[in-house]
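This report is an introduction for a reader who has not met this structure before. Please look over the sequence and the model first.

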Amino acid sequence: MADQYLLGAVVASILGFLLLHVGFHGWKGRARRTAGKCGSGPVVPGDGGTEVIIVGAGVAGSALAYALGKDGRRVHVIERDLSEPDRIVGELLQPGGYLKLLELGLEDCVDEIDAQRVLGYALFKDDKSTKLSYPLEKFHSDIAGRSFHNGRFIQRMREKAASLPNVRLEQGTVTSLIEENGTVKGVVYKTKSGEEFKALSPLTIVCDGCFSNLRRTLCSPKVDVPSCFVGLVLENCQLPFPDHGHVILANPSPILFYPISSTEIRCLVDVPGQKVPSIANGEMANYLKTMVAPQVPTELHDSFVAAIDKGSIRTMPNRSMPAAPHPTAGALLMGDAFNMRHPLTGGGMTVALSDIVVLRNLLKPLHDLHDAAALCKYLESFYTLRKPVASTINTLAGALYKVFSASPDQARNEMRQACFDYLSLGGVFSSGPIALLSGLNPRPLSLVAHFFAVAIYGVGRLLLPFPSLERLWIGARLISGAAGIIFPIIKAEGVRQMFFPATVPAYYRAPPVN
Ligand SMILES: Cc1cc2nc3c(=O)[nH]c(=O)nc-3n(C[C@H](O)[C@H](O)[C@H](O)COP(=O)(O)OP(=O)(O)OC[C@H]3O[C@@H](n4cnc5c(N)ncnc54)[C@H](O)[C@@H]3O)c2cc1C
């Protein structure tokens, strides 16, 4: 109830502002581009009856293969490397993502991999901390976040997909899409031994991840890399709040801790910019020990230093890329190849799994996928239907990263402090934002309402009890800074599709083609 009052009050004032400042983004040009030329004279293997080719069997590709295979589709998955991945990405699945696993029948893929239940977050700033529990009361007791080794989770999903008789999982590297008259007809791929093959199907779904080579012809990739994560594994220590992800509002930017097994804690240190100190010449170890270690909670400090000394330090760029598809007959993009957000809020797998549920449901009533042009038109509704979940998670990730990072600007630091204090108020002030982050209630209006409620709360703290001209000025800059953070992200996500999905042209919501 309080959530609704808050929504009503904040949304009414903000919506006018939002529309004035951002304007309708609209559907940007559906110009189609042609896919790359295919290799010459490769063999066409298989039974020729493949309905869907999936490129890449990571989180998105393997979950999609199982979902479509379970619906009876003949699926051919081509994955570059079928051995267990060893990466520092995709290790915390939000409860909203776990709900999607359930919908797909993949929930047992977090069993028997020593996955840990995650019940919420703990936030640390200076010498204070606050606990933000996921609002799980209304759900079955099994629903919670899960954290694990990414590679173990992927192997479980690959095994489950490959156990279906109509799913063929093959090791190979896709080198190009086969295109004829603007329609993608399949792929060219190379096996480990260097042999080249063609695979043909009415629908090719490209899930080749954040470094995708194949997406260029299917979307307009505008990749931003605001920072990198430096990854370490801590052993022999206990998190201050067991079963919780930990976010330290450190300088210059956040540090994360969460369990990835019963004995290991993942630490991800955010380093702003695209370059990190060199690991090889010891600069990184020095940076971590001198700049980061003093900001780590005391319970974790010694294990943090021991992990640095052990030397297995990994890095990954943190990319964000709004979805900007060129709807193309015969092909679709999914997962990170299609859309990325800052990993601070651990939303990537939830968005990918949510997209798979949308696509699976759209494809379900179609018996024949061979009319590529009609299928392409029909699948355009996918881009609209995915928006409320995907855009809420994407926007929150981008906005929180900016708010949680330190800044030389006093107004920005006031916003950061206001955010910490707002979340510490408890009740709807913590359950609302954490419901958004967890993917349990991904509503764009609720996100905008809470974001500006934080800004207004920050201004109130500045002006009460004794306002001054200087404080008024900082307050005005805080509000304009908040608008400057969130509106460009919303604009990139597409205001119209995000807030008004019902107003999209009818052909995006067309009935099944057969
Ligand atoms: C540092 C970091 C931390 C993150 N932490 C989290 C988190 O805690 N929670 C969360 O939900 N998300 C997190 N994410 C995001 C998450 O990892 C991604 O959203 C998710 O992995 C996307 O899945 P995907 O299937 O699209 O890509 P991937 O899982 O990367 O899979 C792509 C697959 O395609 C294969 N491939 C690539 N090219 C080819 C080719 N040419 N031919 C055949 N196969 C190919 C690759 O081998 C790979 O198996 C994080 C991201 C980063 C960068």
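The sections below go from the whole chain to the ligand, and then to single residues.

## Overall build

The structure is a predicted model, and its protein chain has 14 helices and 18 strands. Of the 514 residues in the protein chain, 51% are buried. Among the contacts in the protein chain with a separation of 6 or more, 77% are between residues 24 or more positions apart.

## Domains

The domain assignment divides the protein chain into domain 1, made of 2-25 and 390-501, domain 2, made of 52-113, 148-222 and 321-385, and domain 3, which covers 225-319. The centres of domain 2 and domain 3, taken over C-alpha atoms, are 30 Å apart. Twelve residues from domain 2 and 14 residues from domain 3 take part in the contact between them, and the side of domain 2 that touches domain 3 is made up of nine nonpolar residues, two polar residues and one charged residue.

A record adds a further range: in an unreviewed entry, UniProt lists residues 201-470 as "domain: Squalene epoxidase". Over residues 201-470 the chain is 44% helix and 17% strand, and the C-alpha atoms at the ends are 65 Å apart.

## The shell around the ligand

Where does the ligand lie with respect to domain 2 and domain 3? Both domain 2 and domain 3 give residues to the shell around the ligand, so the ligand lies between them. There are 36 residues around the ligand, and those that come nearest are G56, G58, G209, G335 and G348. By class, the residues of this shell divide into 17 nonpolar, 13 polar and six charged.

Several elements each supply at least two residues of the shell around the ligand, namely helix 2 (59-70), strand 2 (75-79), strand 3 (92-93), strand 9 (173-180), strand 17 (314-320) and helix 7 (348-363). The largest share, four residues, comes from helix 7.

## Helix 7

Helix 7, with 16 residues, reaches 23 Å from its first C-alpha to its last, which is close to the 22 Å expected at 1.5 Å a residue. Its buried residues are G348, M349, T350, V351, A352, L353, S354, D355, I356, L359 and L363; of these, G348 is also one of the residues that come nearest to the ligand. The cover over the buried residues of helix 7 includes helix 2, strand 3, helix 3 (95-104), helix 8 (372-385) and helix 9 (387-404), and helix 2 and strand 3 also each supply at least two residues of the shell around the ligand.

## Two buried residues

G481 is placed in helix 13, which spans residues 469-493. Why does G481 count as buried? G481 is buried because 20 other C-beta atoms lie within 10 Å, and 20 or more is the cut-off for that class. Leaving aside its neighbours within four places in sequence, G481 is in contact with A411, R412 and M415. By contrast, G481 and N213 are 268 residues apart in sequence and, from C-alpha to C-alpha, 36 Å apart in space.

A144 is in the loop between strand 6 and strand 7 (145-147), and it counts as buried because it has 20 C-beta neighbours inside 10 Å. Apart from its neighbours within four places in sequence, A144 is in contact with P95, Y98, R117, V118, L119, Y134 and L136. Between A144 and L445 there are 24 Å in space, C-alpha to C-alpha, and the two are 301 residues apart in sequence.

## Backbone details in loops

The peptide bond from N251 to P252 is cis, with omega near 0 degrees, and P252 is found in the loop between strand 14 (244-248) and strand 15 (255-259). A cis peptide bond also joins L464 and P465, where omega is about 0 degrees; P465 lies in the loop between helix 12 (444-463) and helix 13.

D126 is not a glycine, yet it has a positive phi of about 50 degrees. It lies in the loop between strand 5 (120-125) and strand 6 (128-133), and because D126 has 9 C-beta neighbours inside 10 Å, it counts as exposed. N181, which is not a glycine either, has a positive phi of about 50 degrees and lies in the loop between strand 9 and strand 10 (183-190). With 8 C-beta neighbours inside 10 Å, N181 counts as exposed.

Definitions and conventions:
Residues numbered from 1 in each chain as written. Predicted model: local features only at pLDDT ≥ 70, side-chain atom pairs only at ≥ 80, totals over all residues. Domains from an automatic or database assignment. Contact = placed C-beta atoms within 7 Å. Nonpolar A, V, L, I, M, F, W, Y, C, P; charged D, E, K, R; others polar. Buried ≥ 20, exposed ≤ 12 C-beta atoms within 10 Å, placed from the backbone. Near = placed C-beta within 6 Å. Expected span 1.5 Å × (residues − 1). UniProt positions renumbered as here; feature names shortened; annotations may be inferred.
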